[in-house]
Amino acid sequence: MSFKKLPTGVQDILPRECRVLWSVRDRLTRAFEARGYEPVLSAAVEYYDTYANIRNALPQERMFKFTDSDGRLLVLRPDATLSISRIAATKLPEGQARLYYFLDKWDAQSAGGNKTREIIQAGVERLGEEGAFSDAQTLAFAIDCMHEMGLSDCILDVGHVGFMKGLLEECGLSDAEAEEVRASLNAKDGFNAERLLRRAGAKEETLAAVRALPTLFGGAEVFARAGKLTKNARALAAVAHLERVHRILAEMGYERSVCFDLGTGKSLSYYSGIVFSGLVREVGAPVLSGGRYDDLADDFGKHIPAVGFAIGLKRVLVALERQGNLPAQPVFDAAISCEEGAEGRADALAKQLIAKGLRVTLAAQYGKDVLEKTNAREKWFVTKTGEVRI
Amino acid sequence: MINFALPKGRLAEKSAELLRTCGVDTSVLEEDTRKLVLESADRRYGFFLVKPADVPAYVEAGVADLGIVGKDTLIEEGRDLYEMLDLKMGECRLSIAGYPERRDVLTNPHLRVATKYVNTARRVFADREEIEIIPLHGSIELAPVTGLADVIFDVVQTGSTLKANGLVVLEDVYTGITARLVANKVSLKTKAEEVLPLIEKLREAVS
């Protein structure tokens, strides 16, 4: 085994790719700041118990663990949103904030295909806000961010966990059973979901609704179909909420960028309202993912309704490349070389040009010939007595 | 263009036939060729011919938009994709099999299980015996016969191979294992206008 190599599922990012990543980051920062979000960073290392003993406990096999000098178990940040919920509940007394972050998270298990173990993310959280307008703004901003990064033909796929929660709450399932049904429905495997529900003694009406769930996606027409499937108050409230969100999005001119899927079964205990994924056809997994998680901060001692999303920046890079939307790699504007004894003049010249906004390199060696190796637009050679332009 | 990941082997011909009845030009699949990437004459469909166990990987990554694969493989691979339809073909079950007179081995404190379905076996036995899994790639029935394992965990279609080797099904773990139409989670939404009509046709064809 070579220790010059990296473990599975993590990657170095080399200059060419890193420059694209940073330019995407710059564009996002501008977009976040323009909408009044404030930056935040959470510590990369936290206590294992912070995440092992909460209602939304993270599976221990997914956390990177190590021990502190006093023997306590530590983890590498396993989830940015949970970290920020912890910060909001324990350190932001006003309980209301619009935050943005560039944070990596680590998932010890996921690797291969579209998944890496070190996940480079950007994201926003709107803390202390409720209602359809807040949700719609978040969705619209998610679409804006995808465009801002240079992606074209983006779709935001929107669902609401309340619909599935409502259907399932009538069946008297245990948490484990509900989770199994959710996982089946999330895979659009209505067959298995029906089998599980039948075993639990679900009513025929519920079974009919669950059977239809995997096909309940498309445009705004799904709301009418969904409304006819159930009389459950919670499920109907979810549909009504999505209709309101849809109306606001149409009002703001985003209708063409959204589609709806009431069969989306993201974690029912983590999410409490709308859920959504940002999709581009060039990448087989979402580039953006988010939702409403009003109860998340409860575990850290404070109820803070919240909605937000995270962007998987590595997937965005793949999408940009496949769409042919990579930003151009900048070349240097000027290269300077000098003869021995003219270092001061050469450096002064470099500073002069940089002050004018140019990107300038100063060669590490003396001599005219080193300039031949640069791809800068302008090449300068400085002698002891003055400047020579080449 | 819709890209399909299709399984070589047992399900290959039936898959092509089903697609043909739904108006997909599959004539390119009948040609005798060693090419693994094929394109229909009208350029509307691409076909990747892969090992059945590899279909989920292609579809999850979005390299293929749709795929046809056995439920047994889906359970084993546990990939993040949509299972759109039960194609109701190639029906079999996933069962534990062994010698009829040695049924008691199932309660052995240390059970040796030979299987192709390593992940599934680990899950199935997780709450039961402590087991030793012996991963094999074919002729699983040979394992108990030669004493390599106590039981096997495998797909059973007619049971004739088991019978020929003096083995019987000791327990059916999953029944109703059939071929499924799977879809990439992104393609279903981003290529909806191409993918959905075809899924509807397939739904009608199998119901």
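**Entry 1: the five-stranded sheet of chain B**

I began with an open sheet of 5 strands in chain B, whose order is E8-E7-E9-E6-E10 and whose pairing is mixed. I should record at once that this is a predicted model. At the edges I found strand E8 (130–135) and strand E10 (168–177) of chain B, each of which pairs on one side only. On average, neighbouring strands of this sheet are turned by 25° against each other, direction ignored.

I then went through the pairings. Strand E7 (residues 110–115) of chain B pairs with E8(B) in the parallel sense, over 6 bridges. Within E8(B), B:Glu130 is the residue opposite B:His110. E7(B) also pairs in the parallel sense with strand E9 (residues 151–156) of chain B, here over 3 bridges. In E9(B), I noted B:Phe153 opposite B:Thr115. Strand E6 (residues 92–98) of chain B pairs with E10(B) in the antiparallel sense, over 6 bridges. One residue pair I looked up there is B:Leu94 with its bridge partner B:Tyr174 in E10(B).

**Entry 2: the six-stranded sheet of chain B**

Next I turned to an open sheet of 6 strands in chain B, ordered E2-E3-E1-E4-E11-E5, again with mixed pairing. Strand E2 (37–39) and strand E5 (82–86) of chain B stand at the edges; each has a single partner strand, so one side of each lacks a neighbour in the sheet. The average turn between neighbouring strands of this sheet is 25°, direction ignored.

I followed E2(B) to strand E3 (residues 45–50) of chain B: the two run antiparallel and are joined by 3 bridges. B:Val37 has B:Phe48 of E3(B) as its bridge partner. I also recorded that helix H9 (residues 192–206) of chain B packs on the sheet, where the helix touches strand E1 (2–7), strand E4 (66–70), E5 and strand E11 (179–183) of chain B. The direction of this helix makes about 35° with that of E5(B).

**Entry 3: a helix pair in chain A**

In chain A I examined helix H9 (residues 222–229) and helix H10 (residues 233–251), whose axes come within 9 Å and cross at roughly 165°. Because of that angle, H9(A) is roughly antiparallel to H10(A). The crossing of H9(A) and H10(A) is left-handed. I listed the contact residues as A:Phe223, A:Ala226 and A:Gly227 from H9(A), and A:Leu236, A:Val239, A:Leu242 and A:Glu243 from H10(A). By class, the contact of H9(A) with H10(A) has 5 nonpolar, 1 polar and 1 charged residues.

**Entry 4: A:Ala319**

Is A:Ala319 buried or exposed? I found A:Ala319 buried, because 25 other C-beta atoms lie within 10 Å, and 20 or more suffice for that class. The residue lies in helix H11 (residues 313–323) of chain A. Leaving aside residues up to four places away in sequence, A:Ala319 touches A:Leu151, A:Val280, A:Glu282, A:Val283 and A:Val287. I also looked up A:Ala250, which is 69 residues from A:Ala319 in sequence and 27 Å away in space, C-alpha to C-alpha.

**Entry 5: the contact of chains A and B**

Finally, I looked up how many residues each chain brings to the contact: 16 residues come from chain A and 16 residues from chain B. For the side of chain A that touches chain B, I recorded 9 nonpolar, 3 polar and 4 charged residues.

Note on methods:
Residues numbered from 1 in each chain as written. Chains lettered and ligands numbered in written order. Predicted model: local features only at pLDDT ≥ 70, side-chain atom pairs only at ≥ 80, totals over all residues. Axes fitted to C-alpha atoms, helices over the stretch in contact; angles between N-to-C directions. Helix = DSSP H or I, 4+ residues; strand = E, 2+ residues; numbered from the N terminus. Parallel < 35°, antiparallel > 145°, perpendicular 65-115°, else oblique. Left-handed = near helix turned anticlockwise from the far one by under 90°. Contact = placed C-beta atoms within 7 Å. Nonpolar A, V, L, I, M, F, W, Y, C, P; charged D, E, K, R; others polar. Buried ≥ 20, exposed ≤ 12 C-beta atoms within 10 Å, placed from the backbone. Pairing = 2+ DSSP bridges.
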